[in-house]
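Visitor: Please take me slowly through one part, the largest pocket, and then through the residues beside it and farther along the chain. I would like one connected account that I can follow with the model open.

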Amino acid sequence: MLKKLMCLCLLLGTLAYATAQQTITGTVTDEDGIALIGVSILEEGTLNGTITDFDGGYSLTVAGDATLVFSYTGMNTKSEQVNGRSV
């Protein structure tokens with residue numbers, strides 16, 4: 001009985017973690033509105049990340065309370081909290 005209870009708790013914990021994930025999409029531009037190609041976007045504290053495409057767009061699945069860190073050669077690094085947003 002104890003084994004079954006422990007397995008159930010482990011399963012529920014895994015499901016709760018999986019549902020806390022969300023996909024963030026966006027476009028990175030400079031101050032003139034020009035799309036930036038190859039901007040590095042990382043979920044802070046993880047190795048989860050991506051880079052922007054030819055149109056400055058990106059898509060990344062992160063934890064709901066994540067902070068994204070944007071970095072690009074020659075520009076200041078910027079951090080942005082997701083705060084439940086999807087864009």
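Guide: Two residues are in contact, or touch, when heavy atoms of theirs lie within 4.5 Å. This is a predicted model, in which local features need pLDDT of at least 70 and side-chain atom pairs count only at pLDDT 80 or more, while totals for chains, interfaces and linings use all residues. Residues are numbered from 1 along each chain as its sequence is written, and side-chain values use heavy atoms, with hydrogens and water left out.

To find your way, begin with the whole protein chain, which has one helix and six strands (DSSP runs, H or I over at least four residues for a helix and E over at least two for a strand, numbered from the N terminus). Their order along the sequence is α-β-β-β-β-β-β. The protein chain has 87 residues, of which 24% are buried; here buried means under 20% relative accessible area, exposed means over 50%, and partly exposed lies in between, with a 1.4 Å probe and protein chains only. If you take the contacts in the protein chain between residues at least 6 apart in sequence, 46% of them join residues at least 24 apart.

Now to the largest pocket itself, which has 23 lining residues, with Val28, Tyr58, Phe70, Lys78 and Glu80 lying nearest its centre. A pocket is an open set of points on a 1 Å grid over the protein atoms alone, where a 1.4 Å probe fits and protein lies on both sides within 12 Å along at least five of seven lines, and a lining residue has an atom within 4 Å of a point. Three strands, β1 (21-27), β5 (67-71) and β6 (78-81), each supply at least two residues of this lining, and β1 gives the most, with four residues. Sorted by kind, the lining of the largest pocket holds eleven nonpolar, seven polar and five charged residues (Asp, Glu, Lys and Arg count as charged, Ala, Val, Leu, Ile, Met, Phe, Trp, Tyr, Cys and Pro as nonpolar, and the others, Gly among them, as polar).

Tyr58, one of the residues nearest the centre of the largest pocket, sits in strand β4 (residues 57-63). Tyr58 counts as buried because its relative accessible area is 12%. Beyond its neighbours within four places in sequence, Tyr58 is in contact with residues that include Ile24, Thr25, Gly26, Thr27 and Val28, as well as Ile41, Thr50, Leu68 and Phe70. From Tyr58 to Val39 there are 19 residues in sequence, and their C-alpha atoms are 9.2 Å apart in space.

Next come Lys78 and Glu80, which also lie nearest the centre of the largest pocket. Side chains of opposite charge can pair when their charged atoms come close. A salt bridge, which requires a side-chain nitrogen of Lys or Arg within 4 Å of a carboxyl oxygen of Asp or Glu, joins the side chains of Lys78 and Glu80 at 3.7 Å, N to O. Another joins Arg85 with Glu80 at 3.2 Å, N to O. Salt bridges with shared partners thus link Lys78, Glu80 and Arg85 into one network, and a search of the whole structure finds two salt bridges. Glu80 is called partly exposed because its relative accessible area is 30%, and Arg85 is partly exposed as well, at 36% relative accessibility.

Thr67, in strand β5, also touches Glu80, and its other contacts are Leu42, Glu43, Glu44, Ser79 and Gln81, not counting residues up to four places away in sequence. Thr67 counts as buried because its relative accessibility is 13%. Its partner Glu43 belongs to strand β2 (residues 40-43); with the same nearby residues in sequence left out, Glu43 touches Asn48, Thr61, Val62, Ala63, Ala66, Thr67 and Leu68.

Two further residues complete the tour. Thr77 lies in the loop between β5 and β6 and counts as exposed because its relative accessible area is 53%. Leaving out residues up to four places away in sequence, Thr77 touches Val69, Phe70 and Ser71. The C-alpha atoms of Thr77 and Ser40 are 9.7 Å apart, although 37 residues separate them along the chain. Asn83 is found in the segment after β6, where its phi is near 50 degrees, a positive value in a residue other than glycine. Asn83 is exposed because its relative accessible area is 57%.
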